[in-house]
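Student: I would like a close look at one part of this model. Please take me through it step by step.

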Amino acid sequence: MNSKEALVKYILRIADNNFILGQRLCEWCGHGPVLEEDIALGNIALDKLGLASALYKYAGEVEGKGHDEDHFPFMRHEREFTNQLMVELPNGDYAVTMVRQLFNDAFDHYFLQALSKSSDKTLAALAAKSMKEVTYQLRHCSEWVIRFGDGTDESHKRAQDAVNNLWRYTGEYFEMDEVDATLMKDMIAVDLNSI
């Protein structure tokens with residue numbers, strides 16, 4: 001695999017995670033526990049979709065086959081997506097959504113921080129721009145998980161069940177392969193062992 005092919009695959013992995021999670025969060029529109037939360041989750045979903053769109057556009061530029069930011073999310077078959085399984089799991093109840101969000105945002109916080117130092121200037125700039133958003137998102141879902149844990153027996157149980165059920169999917173965030181190895185040589189990709 002050459003560096004160009006590896007870079008396209010790497011960009012698509014990051015984009016796919018954000019795109020699928022953004023879509024999942026959009027499912028809560030009009031169904032959140034309170035109006036403010038509908039608005040907050042909608043904004044978080046838009047942040048995820050915005051980053052995905054920018055990454056898809058960049059993947060098309062790197063690939064050089066005339067694909068734009070709409071091609072990758074809408075013209076591929078579902079088996080061609082490379083997102084982690086956790087982001088495509090059903091939302092479940094609100095505790096499940098917030099715990100999933102906490103795991104994802106905690107990872108993204110450190111991942112994007114490291115990616116902002118990438119030798120690839122476009123990836124570094126997109127990661128740096130996203131840090132403010134992911135920092136807010138991490139704080140937001142952390143507060144919800146604490147609220148569930150410190151709330152009623154029922155809310156505590158739901159949050160704990162969500163942690164117990166979702167934890168097994170977190171290992172996938174740290175898996176590396178030939179794509180990562182190829183790009184780490186040029187200091188483009190993040191060494192996931194470091195985070």
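Student: Which helix gives the most to the lining of the second largest cavity, and with how many residues?

Tutor: Helix H6 gives the most to that lining, with three residues. One point before the detail: this is a predicted model.

Start with the second largest cavity itself. Its volume is about 30 Å³. The residues around it are Ile14, Leu51, Leu55, Leu112, Leu115, Leu123, Leu126 and Ala127. By class, that makes eight nonpolar residues, no polar ones and no charged ones. H6 does not line this cavity alone, since H2, H5 and H6 each supply at least two residues.

Now the other cavity. The structure holds two cavities of 30 Å³ or more. The largest has a volume of about 70 Å³. Its lining consists of Asn18, Asp47, Lys48, Leu51, Asp108, Leu112, Ser130, Glu133, Val134 and Gln137. Here too H6 gives the largest share, four residues. Helix H2, residues 35–63, also supplies at least two residues, as do H5 and H6. The class make-up is mixed: three nonpolar, three polar and four charged residues. Compare the list for the second largest cavity, which has no polar and no charged residues. Leu51 and Leu112 appear in the lining of the largest cavity. Leu51 and Leu112 also appear in the lining of the second largest cavity.

Next, how H6 sits against its neighbours. Take H5 to begin with. H5 and H6 pack at an angle of about 150°, and their axes are 7 Å apart. An angle over 145 degrees counts as roughly antiparallel. H5 is therefore roughly antiparallel to H6. Their crossing is left-handed. By class, this contact has 18 nonpolar, seven polar and two charged residues.

Then H7. Helix H6 spans residues 121–150, and helix H7 spans residues 153–166. These two pack at about 125°, with axes 6 Å apart. That angle makes H6 oblique to H7. On the H6 side, the contact uses Arg147, Phe148 and Gly149. On the H7 side, Ser155, His156 and Ala159 meet them. By class, the contact of H6 with H7 has two nonpolar, three polar and one charged residues.

H7 also packs on H5. Helix H5 covers residues 94–115. The angle between H5 and H7 is about 50°, and the axes lie 8 Å apart. That makes H5 oblique to H7. The crossing of H5 and H7 is right-handed. H5 brings Ala95, Val96, Val99, Arg100 and Phe103 to the contact. H7 brings Arg158, Ala159, Ala162, Val163 and Leu166. By class, that contact has eight nonpolar, no polar and two charged residues. Look at Ala159 in particular. Ala159 takes part in the contact with H5, and Ala159 also takes part in the contact with H6.

Finally, the pockets. The largest pocket has a volume of about 480 Å³. It is lined by 25 residues. Nearest its centre lie Arg13, Asn17, Thr82, Gln84 and Glu172. The elements that give two or more residues to this lining are helix H1 (3–26), helix H4 (85–88) and H5. H1 gives the most, with six residues. The lining divides into 13 nonpolar, six polar and six charged residues.

The second largest pocket holds about 260 Å³ of space. It has 13 lining residues, and Glu5, Val8, Lys9, Leu12 and Glu63 are the closest to its centre. H1 gives the most here as well, with six residues. By class, this lining has three nonpolar, two polar and eight charged residues.

To recap the part you asked about: H6 gives three residues to the lining of the second largest cavity and four to that of the largest cavity. H6 packs roughly antiparallel to H5 and oblique to H7. In the two pockets, by contrast, H1 gives the most to the lining of the largest and to that of the second largest.

Key:
Residues numbered from 1 in each chain as written. Predicted model: local features only at pLDDT ≥ 70, side-chain atom pairs only at ≥ 80, totals over all residues. Heavy atoms only, no water. Axes fitted to C-alpha atoms, helices over the stretch in contact; angles between N-to-C directions. Parallel < 35°, antiparallel > 145°, perpendicular 65-115°, else oblique. Contact = heavy atoms within 4.5 Å. Nonpolar A, V, L, I, M, F, W, Y, C, P; charged D, E, K, R; others polar. Left-handed = near helix turned anticlockwise from the far one by under 90°. 1 Å grid on protein atoms, 1.4 Å probe; cavity = no way out; pocket = protein on both sides within 12 Å on 5 of 7 lines; lining within 4 Å. Points joined across faces, edges and corners; volume = space filled by probe spheres on them.
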